[in-house]
Amino acid sequence: MTTTTPDTDHQVTPTGGLVVEDLGVTLTGRPVDVVDDIDLVLRPGEVVGLVGESGSGKTTVGTSLLGYSRAGAVISAGKVLIEDRAHPGAVRDVLKLSWKEVRQLRGEEIAYVPQDPASALNPSIRIGKQIVELLQLRGIGTAESRLQGARDGLAEVGLPNDDEFLKRYAHQLSGGQVQRVALAMAFLPKPKVLVLDEPTTGLDVTTQKMVLDTMAELCRSHGVSALYVTHDLAVVANIADRVAVMYAGQIAELGPRETIFAHPAHPYTRALLDSIPHLSQARALKGIPGRTPAPGARPEGCRFNDRCAYAVDKCREGVPELRTIAPDHDVRCIRVEEIGEWDIHRGTVPDSDPSKARDVILSVEGLNVFYGRKRVVHDVSFDLAKGEVVALVGESGSGKTTISRSVGGLHKEWTGAITFEGRELAKSARRRSAEDRRRIQYIFQNPYLSLNPRLTIEQIIKRPMELFGIAKGRQATDRVLELMDQVALGSGMLHYQASRLSGGERQRVAIARALAAEPDVMICDEITSALDVSVQGSIVALLEGLRKERGISMLFVTHNLALVRSIAARVEILQAGRVVEAGSVVTVMETPQEDYTKKLLSNSPRID
Amino acid sequence: MSATTSPPRSSSFFRKALRQKRFTFGFSVTVLVVAFAVFAPHLSPYGENETAGPPFAKDGVFGTDYLGQDVLSRLMHGGQSILVISLLATLLGMVVGVLIGVVAAYSGGWWDEVIMRLNDVLLAFPQILLALVVLTALEKPSNLVVIVLVGASHAPRVARVSRGVALGIVSRDFVVAAEALGERRSRVIVAEVLPNMTGPLLAEAGLRLTYSIGLVAALGFLGFATDPGAANWGLMMKENQLALSTQPWGVVAPVLMIAIFTIATNLMADGLAQASQKGD
Amino acid sequence: MTQVATLPDPLEEVAPPRGRSGGAAWGLWLLRRLGLAVFTLWLVSILVFLATAALGDPVRAILGRDYDSNVAKREQLQGLLNSDHSVLWRYFHWLGGLLTGDPGTSLANGQPVWGQVSSNVLNTLALVLLSALVMIPVAFGIAMISSHFRRRRPDTVIQTILLALAGVPEFVTGILLVALFSTSVFHIFPAVTISSATGHPWDAPKGMVLPVATLVVAVSPYVSRIVRATLLEVLDSDYVELARLKGIPEPVVMRKHALLNAIVPGIQVIALQLAWLAGGVVLVETLFSYPGVGFQLVDAVRSHDVPMVQLLSMIIAGVYVVVNLVADLLSILLTPRARTAISS
């Protein structure tokens with residue numbers, strides 16, 4: 001329990017701000033905490049980043065500020081204090097208001113911008129109408145003033161505001177445009193507090209930067225306090241004034257941005273930062289062993305103790321308090337003073353040597369890929385050497401996945417030559433020889449879709465062995481166990497159905513399945529994009545180990561430039577189906593030649 | 001860490017289904033009706049065609065029918081043929097329909113279009129109409145003909161449903177992964193696609209059974225029974241229709257049996273549908 | 001554990017359709033759809049003809065044991081059916097007749113089939129339309145009540161009753177209704193449609209109540225369940241949730257945001273059920289001796305009157321195809337996404 005600071009009420013001034021005190025949310029009907037002991041202060045005009053991975057409870061905290069909880073959960077404790085407009089100087093507790101008052105409050109005083117842009121808008125109602133709907137209902141202004149307000153709002157977020165645009169439906173806008181409309185809708189009634197729930201997930205780096213800049217500018221100019229809920233530490237590093245890190249339903253660390261990124265105190269924060277790649281230097285990424293505990297399954301004592309590198313027996317004895325170790329810097333850990341300083345350059349490793357000798361194993365020449373009659377990839381050429389990782393980088397629509405699928409034989413409408421060890425490959429996997437199929441393996445992006453949920457792990461990993469005649473029966477099972485050990489999956493999971501595993505675990509199974517075929521080339525199609533950042537770190541560490549031990553080459557498709565620095569030796573930058581720039585990672589990222597590359601590099605959020 | 005084995009899938013689905021109240025109720029009543037249809041003929045007080053009294057009299061539990069036969073006894077004999085024909089017709093419809101639907105979904109492109117257009121032609125017939133049209137030219141329908149007709153009227157509908165379900169599975173990465181490994185197409189369908197369809201398919205089968213019973217009884221009601229003398233719930237309704245106001249049981253008893261049977265199978269099918277939705 | 005979102009492709013920016021080109025695209029789509037419907041009907045005609053003419057000998061079925069003895073009758077019937085010509089010839093002869101308005105002569109009474117059918121078609125249309133008019137508000141009403149009590153006691157009870165009713169064959173419900181309201185319990189409505197002086201059953205409305213009620217009871221449960229399911233799905237959707245988070249009052253949320261998106265699947269289901277009614281009338285009309293197409297069809301099948309059966313099945317199948325086409329059209333018109341997709 002934190003000691004209530006006497007000036008809490010004074011944070012809520014007549015000009016805005018919000019205070020959260022001791023917030024707790026439990027599951028309905030069960031005495032299980034989803035989040036608990038949450039204390040937060042949002043000052044007017046400031047952006048607070050609420051960071052956490054899946055299962056941290058960050059979204060729950062975000063929606064609680066509006067007095068809202070998802071079905072199956074209920075806000076059980078705490079206060080959300082906001083200025084009382086009717087009585088200047090006094091405060092109101094959102095959680096104590098009648099639902100009528102809460103409804104009044106939502107949109108007008110506390111606004112919400114959701115995660116998934118497409119589903120936030122009603123597909124059957126035109127944009128213009130939806131924007132003014134809120135004002136219309138509250139009877140604010142006249143029809144003309146509302147329309148004018150809508151136009152102004154759209155202009156503020158950098159969108160056209162002519163009649164033609166207002167007449168459009170949601171599906172006629174791009175993802176970035178939809179999100180900016182959502183922002184415009186949120187700001188129109190001039191709220192005092194804004195809650196944003198990962199609003200840029202799924203957007204391109206460039207679009208993301210634009211949305212973030214817009215949001216930051218709006219907050220500053222209108223004096224709005226914002227809570228930015230996200231899993232992406234890099235994004236937060238660029239826009240937040242203060243950062244709160246959440247783990248398993250509690251705030252682990254809270255402080256100003258500079259402090260959190262330069263002197264993280266909590267072991268979890270440090271582990272998170274260790275697993276994030278940097279643009280400026282290659283790093284040996286690491287993950288955090290284990291997985292985030294679900295509500296009800298959390299360990300005794302400090303919730304992080306079963307995964308913490310610094311845990312001692314005392315950590316299991318009781319939940320640590322959130323204590324202040326420096327002005328405005330709170331940490332929930334009993335060993336902060338003992339664990340020493342953190343160095344951002346800790347995991348740095350040298351970049352791959354661009355002048356190393358290359359033994360080319362796979363080469364792509366003059367690749368043109370078609371969808372029906374439409375050409376989506378134009379004359380792409382590159383090659384891949386033994387034991388090397390080549391990264392295909394680009395934004396959505398750049399053709400990187402299309403190229404990788406063509407190389408893997410999953411897409412057959414292409415022309416050009418793909419040569420493997422001197423032999424040209426057939427267009428579709430079915431037409432290729434069994435040996436070629438075996439030696440080039442493909443790993444998919446979404447681990448929830450790439451494994452047959454009905455099969456057990458053993459069946460999944462065994463199948464390539466049986467198919468390619470590598471092993472059978474008892475012998476195969478032994479190999480499966482070996483592989484599971486290599487990808488750090490417990491042998492007890494052998495007979496688990498795939499549907500029981502987490503995303504990170506499933507992706508490891510997918511990697512093990514690929515390894516079972518004993519390939520020479522692995523095509524990794526954004527395999528970490530759907531995973532938490534710490535899980536991404538451990539997968540990358542795994543791949544790096546495999547590359548060094550077995551000499552497997554990899555074609556690594558990603559949109560994350562920082563990740564490229566840590567994992568790849570060479571990089572191909574793609575835009576609209578063409579190679580814009582290519583070369584060794586060091587050369588391209590230190591001295592980019594093309595404007596597009598420079599733009600990508602400058603738009604990528606960075607923490608270094 | 002000790003190796004743990006999760007229970008085999010089929011029994012866990014059954015267990016999940018049992019947790020749905022609708023399924024347990026529907027399933028138990030269905031079993032009861034089936035048991036009645038199978039075993040009751042051995043327990044009937046009178047024979048199937050034995051005269052028990054004057055026509056439309058009140059003797060016996062449910063009175064007598066248009067020929068003086070005991071209604072209760074005829075009731076006990078009348079379920080067998082309906083049961084067997086419905087089950088076989090459902091089976092036929094499901095097998096053919098699933099095959100068509102899954103192959104169409106998996107093949108995609110041009111094949112899918114052609115198969116589905118032909119399917120639409122069959123779908124243009126209300127189910128009873130197809131049966132009636134074919135029966136026009138036949139002197140007397142045999143059991144096999146009825147089974148094939150009812151099954152054939154189910155097949156296009158089952159095909160449409162299973163194609164819908166299969167489309168959602170066929171595009172998933174694990175199926176693409178199997179193809180990338182070079183698995184035989186037949187194996188992909190059997191090992192990757194079909195096992196992920198069991199829930200919805202079972203629910204559809206339950207629904208089809210309900211409609212089969214209705215159709216077979218309807219054909220009997222319209223007078224197209226294969227053996228005019230034998231007891232048949234549908235036919236009994238037609239035979240005794242004239243005396244509906246004086247001796248209603250001759251009609252109402254078989255009507256209630258059909259109603260109970262179809263309600264039970266439909267509830268069971270819905271329970272299966274609910275169980276399959278809660279999966280994954 | 002909440003899933004971290006994957007990266008979708010950003011939606012392409014589509015310029016809204018410019019007047020003329022949009023219209024042309026629409027026209028083309030409509031033409032294609034119509035062409036498909038006509039093609040389906042043509043294949044249906046082949047199926048109908050083959051089923052009646054090629055599967056067995058209807059003359060033998062009619063005459064039974066008299067087939068060999070009654071030569072005169074046999075030859076008359078065979079003449080009417082043109083049995084001495086090939087199947088192919090007979091098909092095109094029949095098809096030609098169908099399209100020009102002379103679909104053959106009845107085997108039962110030697111009169112042209114068309115004249116005997118036309119008034120019955122009207123009667124059946126009246127029955128179906130009346131049933132649909134009653135069914136739609138009933139089904140939607142029940143669905144809205146049920147979704148209002150969502151997942152609480154009243155909802156579950158209503159849904160279970162609907163489910164039970166949905167599986168019962170329509171003639172079974174018909175008989176039960178007759179037993180209840182006509183013969184055994186109450187004696188309000190007639191069990192059989194009394195033919196009125198004008199030959200139109202709607203002039204004796206009491207006789208139509210039970211047939212209409214039977215059809216409504218047979219069709220409403222399914223429609224109601226689908227509408228409710230769609231309503232609930234929409235009420236749980238993200239944009240409705242956002243509307244609530246924006247502070248919009250619940251009735252407006254229900255009306256403007258939810259219903260609008262639930263109507264489309266509702267229309268599709270209604271159309272499906274209307275099409276189903278085309279077949280459902282067969283049993284209901286027979287039960288109530290209602291002078292409609294279904295009753296006539298059963299009669300024709302019993303007497304193996306092939307030309308009659310052929311015409312009636314074409315009519316019923318035709319209605320089915322047309323209703324489905326209209327439903328398709330409506331659902332596209334009401335979905336903005338599909339609308340703009342066609343125009344572009």
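**Exercise 1. State how confident the predictor is in chain C and in the complex.**

Step 1. Chain C has a mean pLDDT of 76, and 82% of its residues reach 70 or more. pLDDT is the predictor's confidence in each residue, from 0 to 100.

Step 2. Look at residues 1–20 of chain C. Their pLDDT is below 50, yet this stretch has 50 contacts in the model beyond near neighbours in sequence. Two residues are in contact if their C-beta atoms, placed from the backbone, lie within 7 Å.

Step 3. Turn to the complex. The predictor gives an ipTM of 0.82 and a pTM of 0.77.

Step 4. Note the ground rules. This is a predicted model: local features need pLDDT of at least 70, side-chain atom pairs count only at pLDDT 80 or more, and totals for chains, interfaces and linings use all residues. Residues are numbered from 1 along each chain as its sequence is written, while chains are lettered from A and ligands numbered from 1 in the order in which they are written.

**Exercise 2. Describe the fold of chain C and its side of the contact with chain B.**

Step 1. Count the elements. Chain C has 13 helices and 0 strands. Helices (H or I, at least four residues) and strands (E, at least two) are DSSP runs, numbered from the N terminus.

Step 2. Check burial. Of the 344 residues in chain C, 41% are buried. A residue is buried if 20 or more other C-beta atoms lie within 10 Å of its own, exposed if 12 or fewer, and partly exposed in between, with C-beta atoms placed from the backbone.

Step 3. Check contact range. Among contacts in chain C between residues at least 6 apart in sequence, 70% join residues at least 24 apart.

Step 4. Go to the interface. Chain C puts in 46 residues and chain B 38 residues. Helices of chain C that each supply at least two residues to its side include α1 (19–53), α10 (250–288) and α12 (306–334).

Step 5. Sort that side of chain C by class: 33 nonpolar, 10 polar and 3 charged residues. Ala, Val, Leu, Ile, Met, Phe, Trp, Tyr, Cys and Pro count as nonpolar, Asp, Glu, Lys and Arg as charged, and the others, Gly among them, as polar.

**Exercise 3. Trace the open 8-strand sheet of chain A.**

Step 1. Write the order: β6-β7-β8-β3-β9-β10-β12-β11, with mixed pairing. Two strands pair if DSSP finds at least two bridges between them.

Step 2. Find the edges. β6 (110–113) and β11 (323–326) of chain A each pair on one side only.

Step 3. Give the twist. It averages 20° from one strand to the next. Axes are lines fitted to C-alpha atoms, for helices over the stretch in contact, and angles run from 0 to 180 degrees between N-to-C directions.

Step 4. Inspect one pair. β6(A) and β7 (residues 193–197) of chain A run parallel over 4 bridges. Y112(A) stands opposite V195(A) in β7(A).

Step 5. Add the helix. α8 (residues 175–187) of chain A packs on the sheet and touches β6 and β7 of chain A, at about 175° to β6(A).

**Exercise 4. Identify the two partners of β1(A).**

Step 1. β1 (residues 18–27) of chain A pairs with β2 (residues 33–42) of chain A, antiparallel over 6 bridges. V19(A) has V41(A) as its bridge partner in β2(A).

Step 2. β1(A) and β2(A) form a hairpin with 5 residues between them. In the turn, G29(A) has a positive phi of about 85°.

Step 3. β1(A) also joins β4 (residues 73–83) of chain A, antiparallel, through 8 bridges. Here L27(A) has A73(A) as its bridge partner.

**Exercise 5. Explain why α12(A) counts as enclosed, and place W249(B).**

Step 1. Helix α12 (residues 267–274) of chain A is largely enclosed by the rest of the structure, because 8 of its 8 residues are buried. Among them are Y268(A), R270(A) and D274(A).

Step 2. Name the cover. It includes α10 (233–239), β9 (242–247) and α18 (533–550) of chain A.

Step 3. Now chain B. W249(B) sits in helix α12 (residues 249–277) of chain B. W249(B) is buried, with 25 other C-beta atoms within 10 Å.

Step 4. List its contacts. Leaving aside neighbours within four places in sequence, W249(B) is in contact with F62(B), G63(B) and V71(B). W249(B) and G63(B) are 186 residues apart along the chain, with their C-alpha atoms separated by 7.0 Å.
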